[in-house]
Amino acid sequence: MIKLKLIQKERVNTQMDVGISIIAICIAFIICGIIVAIQGVNPLDALWVSVDTTLFNAYGLSEVLVKATPLIFCGLAVGIALTSKVWNIGAEGQLYMGAMFATAVVMHLPTMPTFIQLTVMIIAGGIGGAFWALIPAVLKIRFKVDEIITTLLLNYVAIYLVDHLIFGIWKNEDNYPFTPEFPVQARLPLLGFERVHFGIILAVIATIVIFLLIKYSSWGYKVRLTGASTQSAKYSGINVKKIMFSIFIVSGILAGLAGVSEVAGVQYKLQHQLSMGFGFTGIIVAWLARANPIGIVIYSLFMSAVITSSEMLEMLMGLPASMGTIAQGIILFAILGSEIFKSYNIKVIIKEKK
């Protein structure tokens, strides 16, 4: 008789942690390769096309940066919540609300000089995301409602609310479900590399600010202590409710900025299916990065490369576009499965039958 016994590890060093994650991702790619082979495509050819079109092709590399921009914002939004053990599954909805509030500035306020126009849109987008995060914050802090459920369900409310506007009073004159295109003053400047826009700079700035806040500020210390132990935080005199409330607001602002980056940097209008699921992918990014802001940037680029390569494989090799979503799911499950090897030693016990 063979039994497996899990023995808790005392600690896992960084090198082992990273190594196990890399092995898990490699296993995920092998599984993806098998799925690609079933589609009748050589997995090695698909791998080469993926690498070539995302790293050695100007358009592909630029698209990686374009898609990484909202991913960084959403990853930061989920990650900063995770730091205090709050699960914000609502980055997708907060992204939509940020985009909606930014669009409202364009639709209902007079056009202003570019710097003022963009500043007002960014502030409005942050407010939109924060407002949508405020709802689950109040429900959790005041009524102890599980934030996982509320943030998840509010995603769909936000998406349908945006659809209500673009199929209704904000519909373009040609009767298509999107708003009129934004004026030049309401568009984030391009950086001279295909579609890469100023939003990537804002995402990097946000990453640095969040890193410094969490690492060196008194507020960041309170957030980390709350995440480590709520009881310890209370005994230390920290107002845990205020910290949780502030975490929801900051998280919502970051996700809202992802929405601004999409409507003002890429699409130049609010439209149906605005997001490619960036808010949900941001959950994967934050989990892979263990909520580390620098890691979030790295994994955002990685997941963006996966999404971009799936688009290229669809165009060049005829693979279904859903391969990107499948790959994301397999990578997430592989990483989750690898957690057992990070936390436990597995001992095989062989007993002879009597």
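What average pLDDT does the protein have, and what share of the residues score at least 70? I started there, since this is a predicted model. The protein averages a pLDDT of 92, and 98% of the residues score at least 70.

**Entry 1: confidence along the chain**

I looked up where confidence drops and where it peaks. It is lowest in strand β1, residues 2-8, at a mean of 73. It is highest in helix α4, residues 91-108, at 98. Note to self: where pLDDT is low, the predicted coordinates should not be read in detail.

**Entry 2: salt bridges**

Side chains of opposite charge can pair when their charged atoms come close. I went looking for such pairs, and the count comes to 5 salt bridges.

I began with Lys67, which forms a salt bridge with Glu63; their closest N and O atoms are 3.0 Å apart. Both residues sit in helix α3, residues 58-83. They are 4 residues apart there, so about one helical turn separates them.

Are these two buried or exposed? Lys67 is buried, with a relative accessible area of 5%. Glu63 is buried as well, at 2% relative accessibility.

Next I followed Glu63 outward. Its side chain meets that of Arg195 in a salt bridge, 2.7 Å from N to O. This pair links distant parts of the chain: Glu63 is in helix α3, while Arg195 is in the loop between α6 (147-166) and α7 (199-216), 132 residues apart. I checked Arg195 too, and I found it partly exposed, with a relative accessible area of 36%.

Then I went back to Lys67, whose side chain also meets that of Glu311 in a salt bridge, at 3.4 Å from N to O. Lys67 lies in helix α3 and Glu311 in helix α12 (residues 293-317), so this pair ties together parts that are 244 residues apart in sequence. Glu311 counts as partly exposed, at 27% relative accessibility.

Putting the pairs side by side, I see that Glu63, Lys67, Arg195 and Glu311 are linked in a network of salt bridges.

**Entry 3: surface patches**

Which residues form the positive surface patch? I noted Arg142, Lys144, Lys234 and Lys241. I picked out Arg142 for a second look. It lies in helix α5, residues 114-143. Arg142 is exposed, because its relative accessible area of 59% is over the 50% cut-off.

I also found a nonpolar patch on the surface. Ile2, Leu4, Leu6, Ile340, Phe341, Ile346, Val348 and Ile350 form it, with about 790 Å² of accessible area together. The elements that give two or more residues to this patch are β1, α13 (323-343) and β2 (344-350). I should keep in mind that β1 is also where confidence is lowest.

From this patch I looked up Phe341, which is found in helix α13. Phe341 counts as partly exposed, at 44% relative accessibility.

**Entry 4: a look at Thr83**

Last, I returned to helix α3, where Thr83 has its place. Thr83 is buried, because its relative accessible area of 18% is under the 20% cut-off.

How many Å separate the C-alpha atoms of Thr83 and Thr119? I got 29 Å for these two residues, which are 36 residues apart along the chain.

How values were computed:
Residues are numbered from 1 along each chain as its sequence is written. This is a predicted model: local features need pLDDT of at least 70, side-chain atom pairs count only at pLDDT 80 or more; totals for chains, interfaces and linings use all residues. Side-chain values use heavy atoms; hydrogens and water are left out. Patches are made of residues with over 30% relative accessible area and no salt bridge: like charges are joined within 9 Å, nonpolar side chains (Val, Leu, Ile, Met, Phe, Trp, Tyr) within 5 Å. Accessible areas come from the Shrake-Rupley method with a 1.4 Å probe; for residues, only the protein chains shown count as cover. A salt bridge is a side-chain nitrogen of Lys or Arg within 4 Å of a carboxyl oxygen of Asp or Glu. Lys and Arg count as positive and Asp and Glu as negative; His and the chain ends are not counted. The place of a charge is taken as NZ of Lys, CZ of Arg, CG of Asp or CD of Glu. Buried means under 20% relative accessible area, exposed over 50%, partly exposed in between (1.4 Å probe, protein chains only). pLDDT is the predictor's confidence in each residue, from 0 to 100.
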